[in-house]
Amino acid sequence: MTVNISSIRQLRERLQGQLFQPGTDEYDDARKVFNAMIDRRPALIARCVDVADAIAAVHFAREMDLPIAVRGGGHSVIGSAVCDEGLVIDLSEMTDVQVDPITRTAHAAGGTTWGGFDRATQAYDLATTGGIVPSTGVGGLTLGGGIGHLNRKFGLACDNLLSADVVTADGRLVTASANENEDLFWGLRGGGGNFGVVTSFEYQLHPVGPVLGGEIIFPLDQAKTALRFYRDWSTDAPDELRVDAALVSTLDGPGLSFEVCYCGEIDTGEKVLRPLRQLGSPRLDTIDSVPYETVQNLLTDVFQPGMRHYWKSGFVREFSDDFIEALLDFFVADMPAPFAAIAIEHLGGAVSRVGAWDTAFGHRQAQHSVLILRMWQNPADSDANIQWGRKCYSVVEPFLESGAYVNYLGEEGEARVRSAYGANYERLAALKSKYDPTNVFRFNQNIKPASSTA
Ligand SMILES: Cc1cc2nc3c(=O)[nH]c(=O)nc-3n(C[C@H](O)[C@H](O)[C@H](O)COP(=O)(O)OP(=O)(O)OC[C@H]3O[C@@H](n4cnc5c(N)ncnc54)[C@H](O)[C@@H]3O)c2cc1C
């Protein structure tokens, strides 16, 4: 859809930030997202600099009957930060983070990335659960749930959300918290960006000083023993410890990698980690007492923009010997070229102590999730990489729960979206009818308004 010149001029006059339209280099730059597979052409991109811009952009979209995509960090693998034909409300310039060390809280503007957030909060030795790659946005990650190195100690990112300022589909600015617009507050914590433009997130922070963290890599011939050990040991681990395990294919060759973050007393952590560090003969062990931001940066070099991505995922129901063998047999027989990973992420702890209906994120009981990840550069390799990802998923699927994590979900159809929201779907659909009855915010893992077919 094209928007006429006088309307574009009107919007430009209402915005403090920039407005990009097709046919310019800035537009082509602004429509790029993290996953290079995505190539969408919005009608307009409004790069907002403040709340007033976001409100003006929502009103304009409504007047022009344009659907809206919201861009936070732009990391969504399905590229839901951009759309064809609609209006992109791009928050990437809104990155201010204000920390209050007395109340241990932080306000982060809607386009903040976790790198910026950690930098601001770690200046006070504070942190909250956030994404493990610094360029990921606080926006999409929190609204979908938000798993990260601190999740077993402090819960998900959404569990640490205290309030949010939201521009709703009718262009109103509302605050959602435990005391105000409580229904919306519930839906924001796992409802995946379905309810409006969040211009500010307020988080609870926690003291997080140096952590014990780093990576241990075992050669593949020790992977079966190490994975069996990991299953039992990680399930009984203290909340301070999160360890992800991943079968990886990197430029250094294949291996089983453990990424570690212990956020309690360092001496105690040394004891807790000893059994893992004394297991077999790892080819690398970088565990040390380091600043929290060092652990948050472990994967920065791996996840550079401009790469193509294909992801599949689920929550592990049965972490059995058969599951481990199925993973290893597949990985060894169909050894992928770099970069590929089958990552097992460590949940449980504080994540599991929140009720399945207390927030819109309902997958509280799984102790581990699995993420199959392929990353490549050459478009000609796309089919082979996607096929590998699908084949791998068919191997692990029998061991998974039926639901999925909305933030890792691909374009997998409506039934799968419903199962991702699980038992909370109907309540979310009713909330969608209240706050976005015509489904203006539809570029996400979409919840259809209960009373319409929009
Ligand atoms: C390299 C990489 C690492 C990742 N690591 C983690 C991880 O450690 N833990 C984890 O849980 N997930 C992780 N993810 C998944 C991540 O949570 C999702 O991709 C998430 O959508 C990213 O948020 P974003 O703001 O960057 O995304 P965007 O693509 O900008 O947005 C994604 C969705 O959220 C909505 N949205 C974003 N910001 C706002 C806002 N301010 N207001 C309203 N809606 C908004 C968008 O409309 C869109 O539908 C990772 C993804 C990548 C690519």
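Biologist: How many salt bridges are there between domain 2 and domain 3?

Modeller: Two salt bridges. The term covers a side-chain nitrogen of Lys or Arg within 4 Å of a carboxyl oxygen of Asp or Glu. Glu240 and Lys153 form a salt bridge through their side chains, at 2.9 Å from N to O. Before we go on: this is a predicted model, where local features need pLDDT of at least 70 and side-chain atom pairs count only at pLDDT 80 or more, while totals for chains, interfaces and linings use all residues. Numbering starts from 1 along each chain as its sequence is written, and side-chain values use heavy atoms, with hydrogens and water left out.

Biologist: Where do the domains begin and end?

Modeller: Domain bounds come from an automatic or database domain assignment. Here you get domain 1 (5-90), domain 2 (97-207) and domain 3 (211-399). The C-alpha centres of domain 2 and domain 3 are 25 Å apart.

Biologist: How many residues are in contact between domain 2 and domain 3?

Modeller: Contact means heavy atoms within 4.5 Å. By that rule, 29 residues of domain 2 touch 34 residues of domain 3. You can also look at buried area, the accessible area (1.4 Å probe) that two parts lose on being put together, summed over both. For this pair of domains it is about 2,600 Å², with 56% coming from carbon and sulfur atoms.

Biologist: And how many residue pairs are in polar contact there?

Modeller: A polar contact is a pair of N or O atoms within 3.5 Å; within protein, one must be able to donate a hydrogen and the other to accept it, and residues adjacent in sequence count only if both atoms are side-chain atoms. Between domain 2 and domain 3 there are 20 such residue pairs, both residues at pLDDT 80 or more.

Biologist: Which elements give two or more residues to the domain 2 side?

Modeller: Helices (H or I, at least four residues) and strands (E, at least two) are DSSP runs, numbered from the N terminus. On the side of domain 2 that touches domain 3, they are helix H4 (114-122), helix H6 (151-154) and helix H7 (182-188). H6 gives the most, with four residues.

Biologist: Which residues come nearest to the ligand?

Modeller: Near means that a heavy atom of the residue lies within 4 Å of the molecule. Of the 35 residues around the ligand, the nearest are Gly72, Gly74, Gly137, Ile147 and Tyr405. A backbone N or O atom of Gly74 is 2.7 Å from a ligand oxygen atom, and one of Val198 is 2.9 Å from a ligand nitrogen atom.
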